[in-house]
Every structure is written in C-alpha cells, then in structure tokens.
Amino acid sequence: MSTSTIVGTRDDEQVPPAGGQRRRRRTSHQVEASAHHRGPMWTVAGYAGMVLVVLVIAVPLFWILLTSFKERGDIYVRPAQWWPDPPTGQNYSELTTRIPFFDYVRNSVIITSATSVAKIVLGVISAYALSLLRFPGRSIVFLVVIAALMVPNQITVISNYALVAQLGWRNTFQGIIIPLAGVAFGTFLMRNQFLSLPGEIIEAARLDGAGPMKLLWRVVMPMSWPTLVAFALITVVNEWNEYLWPFLMSDDETTAPLPVGLTFLQNNDGVTNWGPVMAGTVLAMLPILVLFLFLQRQMIKGLTAGAVKS
Amino acid sequence: MQSSVTQPQSATPGSGGPPPEVGPPPRRSSGRAWEWSLAALLLLPNLVLLIVFTYRPLLDNIRLSFTDWNISSPIANPVGLSNYIEWFGRDDTKIIVRNTLVFTVATVGISMAVGLGLALLLDQKLKGRNIVRSVVFAPFVISGAAIGIAFQFVFDPQFGLVRDLLARIGVASPDFYQQPGWALFMVTVTYIWKNLGYTFVIYLAALQGRRADLDEAAEIDGATAWTRFRRVLMPQLRPTTFFLSITVLLSSVQVFDIINVMTRGGPQGNGTTTLVYQVYQETFVNQRAGYGATVATVMFVILLAVTVVQVRFMDRGKQA
C-alpha cells in the first residue's frame, strides 16, 4: 500500500485526489483518452456540466455570504438586492451581542478536541490490539466493534439520555463527550492500515526485542501517518458538526457547541432576523471549509479508504 | 450484557475469554499471557464505551418500548404491546412513514445517480476539474445545522434566493414554509445538496480503480457508449454501488439536524416528520419516551430488514 503518493503531488493528470492507492496499473494515456476522441461536442458538454455544477453549489453559499454583509433594509426587499450597498459588519457585531457566540465557539473547541483525541487514541490502540496482538476471541471482539456501525445513534439516544441525566451529567462536558467517545469506524480504518504493513518489518522489530508499545510507537505508527491523519481529520469534522447529542444534552451556553447555539439564535424571535443568522452560519462554516481547503486530499482519503476495497 | 439482537454474542469486557475459538486467523501460537492482558487493556476502554453507549441502549430501548415511561419520572409501567398497537393504528403513522419513504428514496436515488454522473464527468480530462471536484465535495464537510439554517433563508418564500431566481423567469415561488409537499421538497433538496459530495467522491475513487482496458476492448469491438456503460462499467462498480446503497440509506434515514432547524417536522404538524424526527418529538417534546422507543424499535427493525435484503440482493447479483 503506497499511501504516500496521494499527499503532496501536484500533477493533475497523474494523481487524482481520491483513492489513488487502489488504482490498478495502467497508463494515464488509456484512461484519459476518452474525452478527446469523443469529439468537441462532448468536451463542450463537459465544460457546460462543470459550470452548472459549480453554479448550483456556489451560488447559495455566495448568497449567504453576501446576505451576512447586508444592512437590514437590503435583505427585506423585492426584487432581491444582490450586492450589499454599502457592505456592513453590523450583522456580525449584532450576532455577538445577541447570543454568547464566543462561548459556543469555546464549547465547540472543547468538545471537538476532547472527543477527537479520545477517539483517535482509542481507535489506534484498539486497532493495534486487533491487528498485531494475538489473543483468543480476536475476531469476535472485532465483530463487536464493527457491528456498532450498524446501530443508528437515534436509536440509542433515549436510553443514553436517561443514563446521563441520572448521573447528573446534563449540561456538562463529560455528559456530551463520553457517550460519543467509542470508536468503531476509526478502529476499522486503522486496523486495515496496520494489517497492510509488511510483516517482515514487524517481525524484524520483534526479533530485535522491541516491546509491544515500542513496536507501536517506533515502527507501526511512523509507517501509518497518512492514514492516521485521514482518520483524525474526518473525526474532527464529524465532531465539530455533531448535532443531535449535544442538542439534547445542552440547555444553554455553558456547554452548547456552535451548531446548537445557532439554533438558539434562530429561536430568539418569531420573525427570523436573517442578517445576524447568516453571519452566524458563515462563521460556523468557515473553520471547516478552511481546514478542507488545505487538507482535502487527506480527508477524502479517510472517507474512501473503507469504501472502495470492499 | 445479555445476548444482543443483531450480533450473535457480545464479548464480555474481560476479553481474556474462553479458549475454544474458531476464528479465521490461522492458529499459530495463540499468544502469551502478557499479550492477552495487554490486548485486554488496550481494547477495554473502547469496548466498555461501545457496550455501555451503543449495545446497552439498543436493548434498553426495546425494553422501554413496552412501557409508558415519560423520560423524567423514575417509574416506567409495563404496558405490553399497547405502544405498538397504537403506532400501527394511528393516522399520523401513515403520513410519517410516507414522508420517510419519499425522503429516503429521493435522497438515496438522486444522490447516487447524480454522484455517479458527476464522477463520470470529472473523471474526464477537463481543465479545472480539480477545482470543481473540491467545490462538489465542500458542502459535505459543513455542519448540517448550519446548512439547514442557511437554506431556510435560501428557500424563504418572501425574500429568498429561490424566490428571486424564479421571479426572474416569471414563476411565483411556492410557499416552502407552509405547504407540506413543498416543505418536504425543500428539506430533500437541501439534504441532497449537502451530501452529494460523498457519493461523488466514492464513485470517483472507484472509477479511478477500474480496468480501463476492458472499456477499450469493448470499444474496439464496436460496443456503443450505453452498452459499455451498462455491461462493462456498471458491473465493475457494483461493490461500490452496494456499499453506497447501504451507507447512504443509513445516513438519510437518520437525518435529524436539517429537519430540526428547517421545519421542526412541520408544517401542519407532521409535514416533514420522518421516523427519526418522530422519535425525538414523542420522546423529548411530548414526553412519551415509551412511545418514542417503540418508534425507534420499529425503525431499527425496518433498517435491519432492508440491509439484509440488500446484502441478499448483492450476493445473488454476484453469482449471476
């Protein structure tokens, strides 16, 4: 498994962003030929399709961004006034005065980082035990971990709510974080990665007298960084966007993360004041989009890794 | 832990368990005592979390579905099958099941078809395709709640983007807020818009792993583009299609954030209420946790049945 090829190559034709390591051998000539020998009509249709797709995705986002800079009067007019004239930052300042916006940001950071760290650590050590340690019942334990993927959160929510409420953990960070910390997908992903490592290297390290933890840190992990980064990124994105559980657990800004906080903003008055609400959604989308912009290949790799091979 | 419904047995936390084992790994030396205890130590935290917060509530949910529990009281009285009888007999059940079906079939079907189409398009050698790939995938990483709130304004029948675009071609905007059919349409479109990037990216990865030479050979043999698509490409993509049909189905059935922020299950009471949303509403809004648990159990059984059918279907397809 030559994972390193995806990251850091800029060549458009040779390396597609996703799933590069599972491409069969073939020359780029063979694959890329199709668009050409179908003639100019196809090429034109192809570009038209691309433009259409970009419009459908980008125009709503652009509209939201523009709205967040409009004065109140410019939002509620017909026909719509597209450009903010003049652009104003008042929605953003109103946002921070009407709701404790930075408290939500802080909560999001706390919940996302704690849950992600827990998941990454648990995922790595579980995967290590399930791939490189020998013990009876290994395949059954693996099945128990993996089958958790099939259980929708929404079905466990009622009983978990009761349990956490009984512990007095509603509106606490541990009440949000601990029930989310079990990791099934990440264990699966890292286990596949560890199993793909060359057995000779692991055997050699064992013969050299490397203990199991040293083996993990010094041999296994250094060869698995790309997969770990992919796993870490999709975990961070998922936890940042997590909605249902924190929504049930938090009543106010002491623990509510940003997506839940936005819902409170929406609730504030009968008629939605769209300006600050759009400013809030822009600020909620921005950090993840920036992260995505820089690390999309690794993110996509994490998502496609489990999918294509099966 | 008692025996679970889905999986044969849940292993007990102390996984130093019983020796008789017939697992796939070849039975070399089965490890030493320290290796067993290290494995137990490394696995225990994760297993405990999964058992306590995934498997235990799954079973507990079934127990609760036979009670009249109200989520806050310490007492839950057994009521036998009456929740189930109520669910099957109630008028709103029909509407909610229909909403769930429409939403799920539309989101799964459209996002898979369009995702495949886009993957085929952006697998071609076109300039700027990498930027377009990123653009298509970007909404998938954004919070569903944020997108739901933003799209509520996009669909605003008075001052929204959709109204403005429709007005330019002289069409009046439907009332996405008040008409149940259009509200369901709005929620469905928003969900597809957000999640299209996932099916796209998975199909693209699969396309890049396909055997181009088969396609070339078929073309030399004079097969039309359509025949090559159906007879050469689709069979190669079958495992991906299968994988997506399950994962996309599971995630669309579970959608909560978009519905909660956009419509709260309305308009007219249950215009966009799906089974998952009903679970939430009955349990936490109407404080009928027993009934909510019933809906959750029904939903789980349906999901399990659908998945089993999908797996069967896949197996049969493989042999054919």
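**Two helical chains in a predicted model**

User: In this predicted model, how many of the 11 residues of helix 5 (residues 144-154) of chain B are buried?

Analyst: The structure is a predicted model, and burial is judged by neighbours: a residue is buried if 20 or more other C-beta atoms lie within 10 Å of its own. Helix 5 of chain B is mostly covered. Its buried residues include G144(B), I147(B), F151(B) and V154(B). The number of buried residues in this helix is 11 of 11.

User: Which secondary-structure pattern does chain B follow along its sequence?

Analyst: Chain B contains 12 helices and 0 strands. Of its 320 residues, 43% are buried. Read along the sequence, the pattern is therefore written with helix symbols, given that helices and strands are DSSP runs numbered from the N terminus: α-α-α-α-α-α-α-α-α-α-α-α.

User: What percentage of the residues of chain A count as buried?

Analyst: Chain A has 15 helices and 0 strands. Among its contacts with a separation of 6 or more, 73% are between residues 24 or more positions apart. Of the 310 residues of chain A, the buried share is 46%.

User: Which helix of chain A gives the most residues to the side that touches chain B?

Analyst: The two chains meet through 94 residues of chain A and 93 residues of chain B. On the side of chain A that touches chain B there are 62 nonpolar, 23 polar and 9 charged residues. The element that gives the most, with 16 residues, is helix 15 (residues 274-309) of chain A.

User: Which helix supplies the largest share of the largest nonpolar core?

Analyst: In soluble globular proteins, nonpolar side chains tend to be buried together. The largest nonpolar core here has 160 residues, and Y128(A) and F200(B) touch the most other members. The largest share of this core is 16 residues, and they come from helix 7 (residues 180-208) of chain B.

User: Which residue of chain B does Y128(A) touch, not counting residues up to four places away in sequence?

Analyst: Y128(A) is one of the two residues that touch the most other members of the largest nonpolar core. With residues up to four places away in sequence left out, Y128(A) touches F194(A), L216(A) and V220(A) in chain A. The partner in chain B is L42(B).

User: Why is helix 3 of chain B described as oblique to helix 7 of chain B?

Analyst: The axes of helix 3 (residues 91-123) and helix 7 of chain B are 6 Å apart. Angles under 35 degrees count as roughly parallel and 65 to 115 as roughly perpendicular. The two helices pack at about 40°, which makes helix 3 of chain B oblique to helix 7 of chain B.

User: Is the crossing of helix 5 of chain A and helix 12 of chain A left-handed or right-handed?

Analyst: The axes of helix 5 (residues 101-132) and helix 12 (residues 225-241) of chain A come within 9 Å and cross at roughly 145°. The contact divides into 6 nonpolar, 6 polar and 2 charged residues. Among the residues that meet are S108(A) and K119(A) in helix 5 and E239(A) and W240(A) in helix 12. The crossing is right-handed.

User: Is the peptide bond from D85(A) to P86(A) cis or trans?

Analyst: Most residues other than glycine have a negative phi, and most peptide bonds are trans. P86(A) lies in the loop between helix 3 (72-75) and helix 4 (90-98) of chain A. The bond from D85(A) to P86(A) has omega near -5°, and its form is cis.

User: Is Q268(B) buried or exposed?

Analyst: Q268(B) lies in the loop between helix 10 and helix 11 of chain B, and R264(B) lies in the loop between helix 10 (257-262) and helix 11 (275-285) of chain B. Neither is a glycine, yet R264(B) has a positive phi of about 50° and Q268(B) has a positive phi of about 55°. R264(B) has 14 other C-beta atoms within 10 Å and is partly exposed. Q268(B) has 12 other C-beta atoms within 10 Å, so Q268(B) is exposed.

User: How far apart in space are F242(B) and Q310(B), C-alpha to C-alpha?

Analyst: F242(B) is in helix 9 (residues 225-253) of chain B. F242(B) counts as partly exposed because it has 18 C-beta neighbours inside 10 Å. F242(B) and Q310(B) are 68 residues apart in sequence, and their C-alpha to C-alpha distance is 7.7 Å.

Definitions and conventions
Residues are numbered from 1 along each chain as its sequence is written. Chains are lettered from A and ligands numbered from 1 in the order in which they are written. This is a predicted model: local features need pLDDT of at least 70, side-chain atom pairs count only at pLDDT 80 or more; totals for chains, interfaces and linings use all residues. Two residues are in contact if their C-beta atoms, placed from the backbone, lie within 7 Å. Helices (H or I, at least four residues) and strands (E, at least two) are DSSP runs, numbered from the N terminus. Ala, Val, Leu, Ile, Met, Phe, Trp, Tyr, Cys and Pro count as nonpolar, Asp, Glu, Lys and Arg as charged, and the others, Gly among them, as polar. A nonpolar core is a set of buried Ala, Val, Leu, Ile, Met, Phe, Trp, Tyr and Cys residues joined through C-beta atoms within 7 Å. Axes are lines fitted to C-alpha atoms, for helices over the stretch in contact, and angles run from 0 to 180 degrees between N-to-C directions. Angles under 35 degrees count as roughly parallel, over 145 as roughly antiparallel, 65 to 115 as roughly perpendicular and the rest as oblique. A crossing is left-handed if the near helix is turned anticlockwise from the far one by less than a right angle, and right-handed if clockwise.
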